[in-house]
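Trainee: Could we go through this model together? I would like to begin with a lysine.

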Amino acid sequence: MAHCFDKQEEFKCSLIEAGAKYLYLAGGGCSIKIYDVSDGQCAHLVRSANISFLQEPFTSENGSVDSKEGTIRSLNYCARSQNVAICDANGRCIVLDETLETVVSRHIIPHSAERWLTSFAVLNEELLLMADRSGHLYLFDKSYTDPVFKLTNVNGKLGITSFTIEEHRAQDASDGFNVKTTGHDGRICELYVNISAKKLELLTFTKSIIGWIDRKTVRGASTFYLGFNDSHFLMADHTNEIHVYFDCGGGHRCWDFYYDQSLEIFSYVFIQHKRLKKVQFVLRNNVGSELSLPHFNWHTRPCNVLQVVVRRDNSYLLFSGGEDNILRINVLNRGEIVEEPRKHLFNHISSIKTIIMKVRPETDSLLVISAGGRAQICVTSVDLNSFRVKQELEYMLLATDSMRTRWKTNRKSTFDPETKFMCAVLLSNDQIVFGCSDGFVRIYQLALPDDGPVSLSLVKEMLYGRCILKLTAVEVNEKSIFVSMATDGLLCFWDTAFSGEPFYRHRHHSSGVNAVDVKQIGKEKFLFATGGDDQSVAISLLEITYQAGKPHIRVLEQLCEKYLHTAQVTGLKLLDNNKMISAGVDQRVYVTNFTEYDKLVVERTTNTCIADLKGVSLLPDENELVLYGCGIEIMPVQSI
């Protein structure tokens with residue numbers, strides 16, 4: 001499209017913004033040139049507008065009035081409502097229609113280092129969103145000058161670059177909006193705007209391969225993000241697949257692009273070394289191979305833990321975490337991991353070692369507690385109806401300087417900054433027991449208020465002296481007993497109501513325990529199966545009773561099959577009819593029978609393609625195994 005601009009000798013353009021029908025050039029203090037670009041061939045000057053920030057005094061809640069004229073520092077167009085927001089350096093903002101003739105509302109951006117806008121969106125007839133250059137996000141009511149809600153550093157301290165309103169994903173259009181934001185921190189954040197309460201909630205975020213996201217464009221069903229990594233320009237889609245990548249010298253203040261979808265031509269224009277440069281790419285799908293692989297986006301490093309939750313539509317939710325520090329939520333349907341919907345959560349700063357679930361039927365949601373390296377715990381809620389994910393809490397052991405100072409003064413544990421939460425189990429009283437690499441068993445109280453935030457508080461920590469590898473729990477007479485397994489191969493039974501040490505120890509292995517499964521047989525009998533570093537599988541039938549208010553354990557049967565595997569046993573599942581499935585690092589999967597408790601009889605065996613196997617999950621309704629480690633494999637039990 002050719003633009004025929006009139007020569008304006010006294011006009012110095014400092015801002016350019018394109019709308020649906022008009023092109024806006026701002027400069028020279030408060031002057032704006034408005035060009036009509038609706039015919040697609042030429043830009044015709046419609047008129048010149050002078051914006052005054054003193055026509056109606058801006059009075060904030062504290063009663064102060066700024067009587068000095070300002071200079072336009074930002075001009076932002078909202079395609080959703082066809083409104084324009086103009087802001088000066090003092091935070092005075094005027095919202096107008098696209099012709100700049102009618103004032104819709106006036107607002108004041110609160111005090112910050114840089115009080116002008118980087119992005120602007122109108123939600124409905126009442127509310128609008130504004131983001132300033134200091135990284136703050138504000139929710140404004142058009143009837144009021146000051147914001148009704150504020151979030152700080154949603155996309156870092158350099159401001160939000162784009163808003164995406166996703167009305168179709170909101171639970172109810174009358175209740176609120178789902179909003180996605182991008183910024184110069186390389187994150188894509190998801191928020192929820194509660195219309196009735198006039199509040200903003202930061203739900204979750206994902207990391208883009210682009211470190212400095214500048215713009216976003218939607219083409220059909222695909223969303224593309226454009227920005228810079230060091231001296232390179234990138235265009236990537238929402239799956240982080242790169243479509244355009246070239247050296248342009250770094251981030252540019254003034255640049256633009258055009259994507260001709262019919263010709264699949266991408267044009268990028270920028271100024272470098274005082275020269276206007278243009279780069280063109282022809283985007284083609286890879287037609288060199290007929291092999292098409294689905295984008296599962298599985299873990300790029302070993303997966304340490306996987307939990308399965310059944311959905312109402314007979315599909316499954318897979319919650320997995322591993323050495324790539326990402327908590328991934330995938331949907332498994334008819335034996336296949338579907339590409340959408342899925343969620344990737346990036347709150348963990350180190351590897352994820354354990355994941356446990358708490359079902360909340362009153363809200364039809366799941367509470368996901370994940371933990372791992374750097375003694376970090378993350379709590380995430382998942383709405384089972386809308387698949388909306390919200391990061392509720394992030395906790396680190398002795399995370400602040402003041403907490404570390406108090407710990408040094410009155411030590412209760414030998415805290416190591418490299419401590420890992422290795423395993424966890426949820427008790428019936430909403431207490432969570434964590435087994436730690438520093439040899440401590442730590443018990444936290446989980447608080448779930450109806451109208452407040454989720455919280456975790458440390459209740460008790462008990463020194464065992466060995467790295468705790470596995471935890472499980474049983475219910476006896478409505479009382480919770482948890483069982484810990486460490487590098488010494490013992491099953492240690494704990495009752496939180498009594499002293500801070502196990503009340504019973506039972507030998508299962510000569511070294512570390514890597515896998516455990518428990519099945520209740522009758523009212524007070526429990527079957528424990530474990531696999532360990534010593535390549536053996538051990539089974540014990542125990543009777544747990546309470547006598548005079550104290551727990552007692554009696555061993556009824558015990559079996560240990562040494563060297564069943566030729567490497568560490570890392571996965572176990574107890575089946576019906578005294579059968580069991582075991583798998584290990586040797587990539588062998590066995591179905592065994594222990595009916596008489598005198599010998600473990602191998603009935604069937606097969607191989608798995610998963611290297612460095614970390615565990616096994618069972619889909620009972622489908623009678624399928626999920627084996628995970630360096631990859632994932634779904635295996636029908638009948639095929640073994």
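Trainee: Is K198 buried, partly exposed or exposed?
Mentor: K198 is partly exposed, at a relative accessible area of 21%; buried means under 20%, exposed over 50%, and partly exposed lies in between (1.4 Å probe, protein chains only). This is a predicted model, in which local features need pLDDT of at least 70, side-chain atom pairs count only at pLDDT 80 or more, and totals for chains, interfaces and linings use all residues. Residues are numbered from 1 along each chain as its sequence is written, and side-chain values use heavy atoms, with hydrogens and water left out.

Trainee: Which side chain does K198 meet in a salt bridge?
Mentor: That of E126, at 3.0 Å, N to O. A salt bridge here is a side-chain nitrogen of Lys or Arg within 4 Å of a carboxyl oxygen of Asp or Glu.

Trainee: Where do the two residues lie?
Mentor: K198 is in the loop between strand 16 (187-194) and strand 17, and E126 is in the loop between strand 9 and strand 10, so the pair ties together parts 72 residues apart in sequence. Strands are DSSP runs (E, at least two residues), numbered from the N terminus.

Trainee: How do strand 9 and strand 10 pair?
Mentor: They pair in the antiparallel sense over five bridges; pairing requires at least two bridges found by DSSP. In strand 10, M130 is the bridge partner of F120.

Trainee: On another salt bridge, is R360 buried or exposed?
Mentor: R360 counts as buried, at 13% relative accessibility. Its side chain meets that of E362 at 3.5 Å, N to O, and E362 counts as exposed at 59%.

How values were computed
Helices (H or I, at least four residues) and strands (E, at least two) are DSSP runs, numbered from the N terminus.
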